[in-house]
Number of protein chains: 4
Amino acid sequence: MLTAAVAGASGYAGGELLRLLLAHPDVEIGAVTAGGNAGTRLGEHQPHLLPLADRVLQNTTPEVLAGHDVVFLALPHGKSAELAAGLGEQTLVIDCGADHRLSDAAAWERWYGGGHAGHWPYGLPELPGARDALRGAKRVAVPGCYPTAASLALFPALAAGLAGPEVVITAVTGTSGAGKSLKPHLLGAEVMGSLSAYGVGGVHRHTPEIVQNLSKACGTPVNVSFTPVLAPLPRGILASCSAPLSGDAAALREAYAKAYADEPFVQLLPEGSWPTTAATLGSNTAHLQVTVDPDARRLIAIAAIDNLTKGTSGGAVQCMNLALGLPETAGLPFTGVAP
Amino acid sequence: MLTAAVAGASGYAGGELLRLLLAHPDVEIGAVTAGGNAGTRLGEHQPHLLPLADRVLQNTTPEVLAGHDVVFLALPHGKSAELAAGLGEQTLVIDCGADHRLSDAAAWERWYGGGHAGHWPYGLPELPGARDALRGAKRVAVPGCYPTAASLALFPALAAGLAGPEVVITAVTGTSGAGKSLKPHLLGAEVMGSLSAYGVGGVHRHTPEIVQNLSKACGTPVNVSFTPVLAPLPRGILASCSAPLSGDAAALREAYAKAYADEPFVQLLPEGSWPTTAATLGSNTAHLQVTVDPDARRLIAIAAIDNLTKGTSGGAVQCMNLALGLPETAGLPFTGVAP
Amino acid sequence: MLTAAVAGASGYAGGELLRLLLAHPDVEIGAVTAGGNAGTRLGEHQPHLLPLADRVLQNTTPEVLAGHDVVFLALPHGKSAELAAGLGEQTLVIDCGADHRLSDAAAWERWYGGGHAGHWPYGLPELPGARDALRGAKRVAVPGCYPTAASLALFPALAAGLAGPEVVITAVTGTSGAGKSLKPHLLGAEVMGSLSAYGVGGVHRHTPEIVQNLSKACGTPVNVSFTPVLAPLPRGILASCSAPLSGDAAALREAYAKAYADEPFVQLLPEGSWPTTAATLGSNTAHLQVTVDPDARRLIAIAAIDNLTKGTSGGAVQCMNLALGLPETAGLPFTGVAP
Amino acid sequence: MLTAAVAGASGYAGGELLRLLLAHPDVEIGAVTAGGNAGTRLGEHQPHLLPLADRVLQNTTPEVLAGHDVVFLALPHGKSAELAAGLGEQTLVIDCGADHRLSDAAAWERWYGGGHAGHWPYGLPELPGARDALRGAKRVAVPGCYPTAASLALFPALAAGLAGPEVVITAVTGTSGAGKSLKPHLLGAEVMGSLSAYGVGGVHRHTPEIVQNLSKACGTPVNVSFTPVLAPLPRGILASCSAPLSGDAAALREAYAKAYADEPFVQLLPEGSWPTTAATLGSNTAHLQVTVDPDARRLIAIAAIDNLTKGTSGGAVQCMNLALGLPETAGLPFTGVAP
């Protein structure tokens, strides 16, 4: 058995990592750590993780995290680089934060500020070339939840030159994407019965990551307009993506079918079926559909994922599997919990 | 007191009409009618309308509806023309259905099929020229809920030549927009915890109505890509709208401020504030914000409305007020019910 | 016009007070005050209250609140007595907090701690004798939301000696009842999709208030088992109440019909109809139903209210109307906003 | 590998059975059948069950169901007896419907009408004596969801003589408990934002089942007052249970600790922690807490389960494991999917 530590275990991404690792046939859970919650029982924060309820959260330090085969970092942005440096080059470090996602230092500085911590292999194996870079890697940058949904929805068309390069994305998300932050607009009474846009006008930090992914996939700069919308559900992202069309419907469908033919976690739905986030709840699967709007001459692609599973922690475990040479699908659910 | 009849009183639009008319200082509620529910107590279907609970629903016939000053039709599409013909030219008929929204007979036939029933004054007073056509009108076509939100969000920019003409709209809606239809995907267990797109690829029937409104407002054909998304809330539409930008941010803001300076029911929010549907719940108000995405070179406009109030029945009452020469705001709430 | 000040205007009870007062024909809104939010625009906290959006929140001090005909206090418990003392005996002070609800000083000390601030006329006019004490009163203690629902559901049976005195209440509530508190268990992601009990075992502070109301109504000590449950909705309380039966169904129904025959805000539903909180949303109405379980030999009574309207701020305005000699129903909605 | 057939595979209980069986190490899924949906793809009805999406639903006949090691019946009440008769005595038949739950023919006739189909071993292994009857059984009656929650919450106290025998239960449930029924009150727009009681006054058909379980456990007739409440979430039951107390808190806690010490799927939470349904989502676990209300002299016990998992299909798989001699926990999740 391999041993895994999870830093940030009292948060949503940390909890989801532990849920998945508990079901993983090849992994044993080692240290579970937290910041302010260190010293408390995990069961206080994650009552759904019964088998770990009596674990006590340790402090998030290199010493506590050292000695595991893999360390997952589910921390606020800016906290990963230093911790990783203390963990040794032979430890697999999987960063669920943003620190190592952007390859362009200038983009990092513009969007996040502070020094660029560098670029790690990007943990979306379905992107062209990404899987090879993840096999045997010792450092992995897990993508953001929106970039996961949007990139999967759009790259086959853009890479095939069938649409683009000015894409428009409105992605609707459940509130766990914001983490367990104590902010008034995230209170249940505010969220339920409400829809709200935020980070409008291209200012959401996932924008440069989507640009990076799509530009790389199609070998030419892609222009991204991205608007996130908060909706009253705990989990789920539905990305509504469009781009000017330069191919026809049949070619499009073929491009998607080809791109995802061998992908275990991406499901192109039968024609006429449209994704629902409920069908992906708790699963590592992305559900996709693509069509053409002949009047508007645009490609429309819709992706549904669970933001905490495929969008964060499931993607992280998938990368761990690749990095450690395990079967890529080990421990990861294909079926959602619905209704 | 003027007398008002409501046809389709057991449905959601009908119920909202009655809720608003109960609070209207100049209107007395006359006949309330239904199709299959005729003969039953209104209280069975609309338990929130206590003062009308013991009213018995009558059949929807011209005879029952005749003799009122105003007749509201909240019926399935295709049912309005014949009823209206039986009501006499001096009765104000306000159609909440689609039958008389489109001016182009060919568009009607393409999108709805069957013969075009003709075009009535279009009930979105905030559109250029619309209010004048509504004053004293005897027939009014109430807009669809999505076209209301999208048109308000976009026309000031397009009319001013500051953006367009290829607009992209993803609008998220609560489930009352689908009416009280007994369909599996509208069951609570399916809807809660889920997001889903539908009518994707430009096939939603509100598309030609948005095209009509925006093309008329800017005097040139506008190309609309429209994707609706269903979200887990009873009421509310949040329309995320964008278009290629041809002006600057200051000019844009000025165009919106000017367009809505005297509009009682459209609120351009202070810069930095973004609309939430919760703030509009039960009110006849649209909350708007507009900004510029400098990287994507697009205008982004967000509108929030209550789909049953400003999006249907509140808009209908606003039109009634104009048509009958009452104060435009009579009986209509400015404040939402939140949280 | 009478002038009203609202202290605690950035919270949920304060917001609901302002929503109702905006629609009140005899009241003009004066000072709106807050604690930590003083100095900010009301629109930041209550975006649904458009007509007041640009009001700036003042500090909650006797000086700011002085000079109004009525002052509403929507403050944390323990803050009212001192403020009220500074307001003068001729100002009507309506306390939405708990400070003056309990008549028994020992009960106050046991349940809240600290010195008892005294007992004000209790603001549930539907209780026997309560309305008379409220007419012309200069101080009013607004009941808690649970005691409002439970007392209305049970007192007619207990006062008539038809059931009791060992009552069991499980009341389910939306999350606005907890106020705008930044606590992890109130986050949207935690609340949605979850039901949870809290304050179990008779430890919720509304218990002694229910005991007080029911004991007074039936002239003998009543024993109350009360369990509150948190459910995923913003507003609404459904109280499921039962007690050992000592009368028959017909006598029970008669007792309720008689108790509420002239009550404008309590609606005993037709036999066979059961209350839903949705039907009360935003209204000042309680919906009730009562029946008998012949096997268990118990009375079962169900009450639905909006916790922020009839349960707090609507009840407060109803009391203001009584205290100031206005029509009791002035400015208060009978109809809910549904669906 | 054992083979399992699922009748009623397009419904909620059927879908949950398939989700669990897909993860079961010893079971292969054979026939999947339906009534009106026969002939359609399973993916149309259960899009979350990707690995089975292309299965075509067959008709629910003994011929189709024959030849499997185990047949699960997730059918409307009254349909199981005849089907089971056609399946042969060596086939394990697990009935998720009510037909074989009640041992008393008179009770059956009173509550369901029609002839009593007989009594099968009752599928709640945690009840005293129940597990032994399930080992090697060829017919199993799966309990109702409410009786599962209420019986687990109450039997240890009643069996130990520490409380009872007049119990009061209010249980709040998500809407999947009503199945995929196309009824207006189950529409999303009606359910969201609302709480409603139903089956009030002891008329819900789960009442006699709770009476049966608790009376058997404590060896004396138990009197049950049961009120179900519908709340806006897809899954989950929170049962709030109380009974007059005849023991003390320490004895109570000991009774529960003892009753559940070796139970893999019942978790008595640490003192001070209260169950939430979210923590049980998709898991086969019941979370329990028990306390004493000293003023009301009552035991209060709260149970949370997922009505589709432990409350129906998970319980059914647990029984299958027992009946077939597999490890009782095989294929069943201990962890919920939260938030």
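Me: What area do chain A and chain C bury between them, and what share of it is on carbon and sulfur atoms?

Reply: This is a predicted model: local features need pLDDT of at least 70, side-chain atom pairs count only at pLDDT 80 or more, and totals for chains, interfaces and linings use all residues. Residues are numbered from 1 along each chain as its sequence is written, chains are lettered from A and ligands numbered from 1 in the order in which they are written, and side-chain values use heavy atoms, leaving out hydrogens and water. Buried area is the accessible area (1.4 Å probe) lost by two parts on being put together, summed over both. For chain A and chain C the area is about 1400 Å², and the carbon and sulfur share is 72%.

Me: Which three residues supply the most of the area that chain A buries against chain C?

Reply: Together they give 43% of that area on chain A. No other three residues give as much. They are A:Leu182, A:Leu187 and A:Met192.

Me: How many salt bridges and how many residue pairs in polar contact lie between chain A and chain C?

Reply: A salt bridge needs a side-chain nitrogen of Lys or Arg within 4 Å of a carboxyl oxygen of Asp or Glu. A polar contact is a pair of N or O atoms within 3.5 Å; within protein, one must be able to donate a hydrogen and the other to accept it, and residues adjacent in sequence count only if both atoms are side-chain atoms. By these rules the A–C interface has zero salt bridges. For polar contact, with both residues at pLDDT 80 or more, the count is six residue pairs.

Me: Which element gives the most to the side of chain A that touches chain C?

Reply: Helices (H or I, at least four residues) and strands (E, at least two) are DSSP runs, numbered from the N terminus. The top contributor on chain A gives four residues and spans 188–191. That is helix α8.

Me: How do the residues on that side of chain A divide by class?

Reply: Ala, Val, Leu, Ile, Met, Phe, Trp, Tyr, Cys and Pro count as nonpolar, Asp, Glu, Lys and Arg as charged, and the others, Gly among them, as polar. Contact means heavy atoms within 4.5 Å. Chain A puts 18 residues in contact with 18 of chain C. On the side of chain A, the division is eleven nonpolar, four polar and three charged.

Me: What relation links chain A to chain C?

Reply: Copies are superposed by least squares on the C-alpha atoms of residues with pLDDT of at least 70 in both. A turn of 180 degrees and a shift of 0.0 Å along the axis lay chain A on chain C, with an RMSD of 0.0 Å. So the relation is that of a two-fold axis.

Me: Which residue of chain A comes closest to the rotation axis?

Reply: Its C-alpha lies 1.7 Å from the axis. The residue is A:Gly188.

Me: How many salt bridges join chain B and chain A?

Reply: The contact takes 47 residues from each of chain B and chain A. They bury about 3400 Å² between them, 59% of it on carbon and sulfur atoms. A:Asp295 and B:Arg110 form one salt bridge, with closest N and O atoms 2.6 Å apart. The count is four.

Me: Which element gives the most to the side of chain B that touches chain A?

Reply: Polar contact joins 14 residue pairs of chain B and chain A, both at pLDDT 80 or more. Elements giving two or more residues on chain B include α5 (105–111), β7 (166–173) and β9 (223–230). With six residues, the top contributor is β9(B).

Me: Why does the salt bridge of A:Asp306 and A:Arg235 tie together separate parts of chain A, and how many residues apart are they in sequence?

Reply: The closest N and O atoms of A:Asp306 and A:Arg235 are 2.9 Å apart. A:Asp306 lies in the loop between β13 and α11 of chain A, and A:Arg235 in the loop between β9 and β10, so the parts they tie are apart in sequence by 71 residues.

Me: Are B:Arg235 and B:Glu16, which meet in a salt bridge, buried or exposed?

Reply: Their closest N and O atoms are 2.6 Å apart. Buried means under 20% relative accessible area, exposed over 50%, and partly exposed in between (1.4 Å probe, protein chains only). Both B:Arg235 and B:Glu16 are buried.

Me: Which residues do salt bridges that share partners join into one network in chain A?

Reply: Four residues of chain A are joined: A:Glu16, A:Arg19, A:Arg235 and A:Asp306. Within it, A:Glu16 and A:Arg19 pair at 2.9 Å, N to O. Both lie in helix α1 of chain A, three residues apart. The network is A:Glu16, A:Arg19, A:Arg235 and A:Asp306.
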